[in-house]
Amino acid sequence: MKRLLGVIIALSVTTAAAYAQTGSSFDLPVLKLQQQTGGGQTLSLSLQALLLMSALTLLPSLVLVTTSFTRIIITLSILRQALGTQQTPPNQVLVGLALFMTLFVMAPTFKEINTQAIAPYNAGQATLEQAGERTIGIMKGFMLRQTRQSDLLLMAEMQGGERYNTPEEIPITTVVPAYILSELRTAFTIGFLLFLPFLVIDIVVASILMSLGMMMLSPTLVSLPFKLFLFVAVDGWAMTMSSLVESFNKAF
């Protein structure tokens, strides 16, 4: 540890000495801006790769808090618990299904981001800052359509009670937590409605076993085939997925 600290200090001293000898600004090659022929500046390839790698580390968190993934995965987890199948389907299957359903739900939003932000940036018609602002604006619009006004008011009050006249004035730091609260509430509401019919089956099976005096037989073991039969008979997976997709088309 001491050797590593010594190496870091030595490199710092060497860099400072080189900077003092040159008498001019010291630029790291990886952080240089490249001049464009038509005027303006663009990020170097090394800096673009650095920003891309940094963005990839934040991608899972962004998927969780700014897309439809949260509502879908929570609903599927509650559905599996209501069925009583423990680890079937396994977590990998649920996460994969939730991920591709997220891509399906977010496809119009991603298409709009590509049209208004990514394509103009690649064509040189917009800067990186402008593309980022447009992307944030489009994602904020999607989140606001799914966010309850009460959750927005709660987060605004927690941040000082500032009032906003238009949705564009609401900062992203207020929209994201309010959106997560709304998604959690909606997911648990859908999960509750999915849980009710399976709970009724469990109660009926438990009552029948009690009346027959079968105290030692697990009601969950007996009710599981009936719940699976009911779920398959009504095409439960298709109904659940279609209901989840339709829930994102309803604005609060």
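Here is a short chat about reading some features of this predicted model.

Q: Let's start with helices. How do I describe two that pack together, say α3 and α4?
A: Two packed helices are described by the angle between their axes and the distance between those axes. Here, α3 covers residues 69–83 and α4 covers residues 91–122. Their axes come within 9 Å and cross at roughly 145 degrees. The crossing is right-handed, too.

Q: Which residues of α3 and α4 meet there?
A: On the α3 side, look for F69, I72, I73, L76, S77 and R80. Their partners in α4 are N91, L94, V95, L97, A98, L99, M101 and T102. Sort this contact by class and you get 10 nonpolar, three polar and one charged residues.

Q: What about the backbone? What counts as unusual there?
A: Most residues other than glycine have a negative phi, and most peptide bonds are trans. Now look at the bond from T88 to P89: that peptide bond is cis, with omega near 0 degrees. You'll find P89 in the loop between α3 and α4.

Q: And which residue has a positive phi without being glycine?
A: Try D235, whose phi is near 55 degrees. D235 sits in a loop as well, between α8 (219–233) and α9 (236–247).

Q: How many salt bridges does the structure hold?
A: First the idea: side chains of opposite charge can pair when their charged atoms come close. This structure holds two salt bridges. One of them joins E183 and R71, with the closest N and O atoms 2.5 Å apart. That pair links distant parts of the chain, since E183 is in helix α7 and R71 is in helix α3, 112 residues apart.

Q: Last one: which residues form the nonpolar patch on the surface?
A: The idea is to look for nonpolar side chains that are exposed and lie close to one another. In this model the patch is made of V200, V204, I208, L212, M214, L217 and L221. Together they have about 640 Å² of accessible area. Helix α7, residues 172–211, gives the largest share of the patch, with three residues. I208 lies in that helix.

Definitions and conventions: Residues numbered from 1 in each chain as written. Predicted model: local features only at pLDDT ≥ 70, side-chain atom pairs only at ≥ 80, totals over all residues. Heavy atoms only, no water. Axes fitted to C-alpha atoms, helices over the stretch in contact; angles between N-to-C directions. Helix = DSSP H or I, 4+ residues; strand = E, 2+ residues; numbered from the N terminus. Left-handed = near helix turned anticlockwise from the far one by under 90°. Contact = heavy atoms within 4.5 Å. Nonpolar A, V, L, I, M, F, W, Y, C, P; charged D, E, K, R; others polar. Patch = residues over 30% accessible without salt bridge, like charges linked within 9 Å, V, L, I, M, F, W, Y side chains within 5 Å. Areas by Shrake-Rupley, 256 points an atom, 1.4 Å probe, with all protein chains shown as cover. Salt bridge = Lys/Arg side-chain N within 4 Å of Asp/Glu carboxyl O.
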